[in-house]
Amino acid sequence: MTIDLHVHTKFGSSCSYMRPQEMAKKAKQLGLDAVCITEHDVSWAAADLDNLSQEHEILVLGGVEVSTDLGHVLVYGVYQPIWSVSRAEELRRLVDQHGGAMIAAHPFRVDRFSPDREVQLAEYCSRPIFQLVDAAEVFNGRSTTKEIDFGCEVLCRLKLRGVGGSDAHAVHTIGETVTVFERPIANNSELISELKAGRFKALHRVLNRSFEGG
């Protein structure tokens, strides 16, 4: 089952150019099985997600991208306002209370690569965010090839699973990177179960690359 786990719309992300209806229609045209709306620091109501799913005949799931002291984190399974939770450790406790899942969002956006790659790899592997999440976004639609190569190496060393999400803010980038799940998913609860079980792989549909990790 192929899902884009990281998409933004104009409904809750001022940086997005895309209406929810455009997003759902494009995702279906691309042959995706589902798409997950992850607005910045605000979540959609379940009824609105269901209405969008029924209108466009594609499963639309909900999450939220939270800004924390350790970077951006994609959260699934928390249905209360969490915009005020800025510490990643506190967020982990809240997510666990709700039985949710956490994914580090685009953690390998590197401003400058060090000439000493081994030192930089060791520094990234020691970052505390990777001890708090269930997986990390290894393929992001806005990542460079160098960032992807670097991220794959970090996650392999950490034995941490990697997911793919387009981080789409416009229609033309939906589905560029996705996560392929081994089992069918019909709702957010099943999505969380599969994320925590690690039954998935990341797929970059533009570069024709896949990654599992773990």
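**View 1. Strands β4 and β5 pair in the antiparallel sense.** In this predicted model, strand β4 covers residues 71-76 and strand β5 covers residues 101-104. Four bridges link β4 and β5. One of the pairs to look for is tyrosine 76 with its bridge partner in β5, alanine 101. In general, the strands of a sheet pair through backbone hydrogen bonds, in either a parallel or an antiparallel way.

**View 2. Strand β5 also pairs with β6, and its residues are buried on both faces.** β5 and β6 run parallel and are joined by two bridges. Here the bridge partner of isoleucine 103 is alanine 135 in β6. Ala101 and Ile103 point one way from β5, while Met102 and Ala104 point the other way. All four of these residues are buried.

**View 3. The open sheet contains ten strands.** The strand order is β7-β6-β5-β4-β3-β2-β1-β8-β9-β10, with mixed pairing. At the edges are β7 (162-165) and β10 (209-211), each of which pairs on one side only. On average, neighbouring strands of the sheet are turned by 30° against each other, ignoring direction.

**View 4. Helices α3 and α7 meet the strands at different positions.** Helix α3, residues 88-97, packs on the sheet and touches β3 (59-68), β4 and β5. The direction of α3 makes about 150° with that of β5. Helix α7, residues 188-197, lies across β1 (2-7), β3, β4, β5, β7, β8 (177-181) and β9 (200-204). α7 runs at about 60° to β5.

**View 5. The largest nonpolar core has 33 residues.** Val75, Ile82, Leu91, Phe130, Val154 and Leu155 have the most contacts inside this core. Among the elements that give two or more residues to the core are β3, β4, α3, β5 and β6 (135-140). The helices α4 (117-125), α5 (129-132) and α6 (145-158) are also included. The most is given by α6, with five residues. Leucine 91 is in contact with Val66, Thr68, Val73, Val75, Ile82, Val85 and Met102, leaving aside its neighbours within four places in sequence. Apart from this core lies another, of 18 residues, including Leu5, Tyr76, Ala101 and Phe200.

**View 6. Helix α1 has a buried side and exposed residues on the other side.** α1 spans residues 20-29, and its residues Pro20, Met23, Ala24 and Ala27 are buried. These residues are on the same side of α1 because they cover an arc of only 95° around the axis. An α-helix has 3.6 residues a turn, so residues three or four places apart point the same way. On the other side of α1, Lys25 and Gln29 are exposed. The buried residues of α1 pack against β1, β2 (34-40), α2 (46-56) and β3. Just after α1, glycine 31 takes a positive phi of about 85°.

**View 7. Threonine 9 lies in the loop between β1 and α1.** Threonine 9 has a relative accessible area of 0%, so this residue is buried. The side chains of threonine 9 and glutamate 39 make a polar contact, at 2.6 Å. Glutamate 22 is 13 residues from threonine 9 along the chain, and their C-alpha atoms are separated by 9.1 Å.

Key. Residues numbered from 1 in each chain as written. Predicted model: local features only at pLDDT ≥ 70, side-chain atom pairs only at ≥ 80, totals over all residues. Heavy atoms only, no water. Pairing = 2+ DSSP bridges. Axes fitted to C-alpha atoms, helices over the stretch in contact; angles between N-to-C directions. Contact = heavy atoms within 4.5 Å. Core = buried A, V, L, I, M, F, W, Y, C linked by side-chain atoms within 4.5 Å. Buried < 20%, exposed > 50% of the residue type's maximum accessible area, 1.4 Å probe, protein only. Arc of directions from axis to C-beta. Polar contact = N/O pair within 3.5 Å; in protein donor to acceptor, adjacent residues only side chain to side chain.
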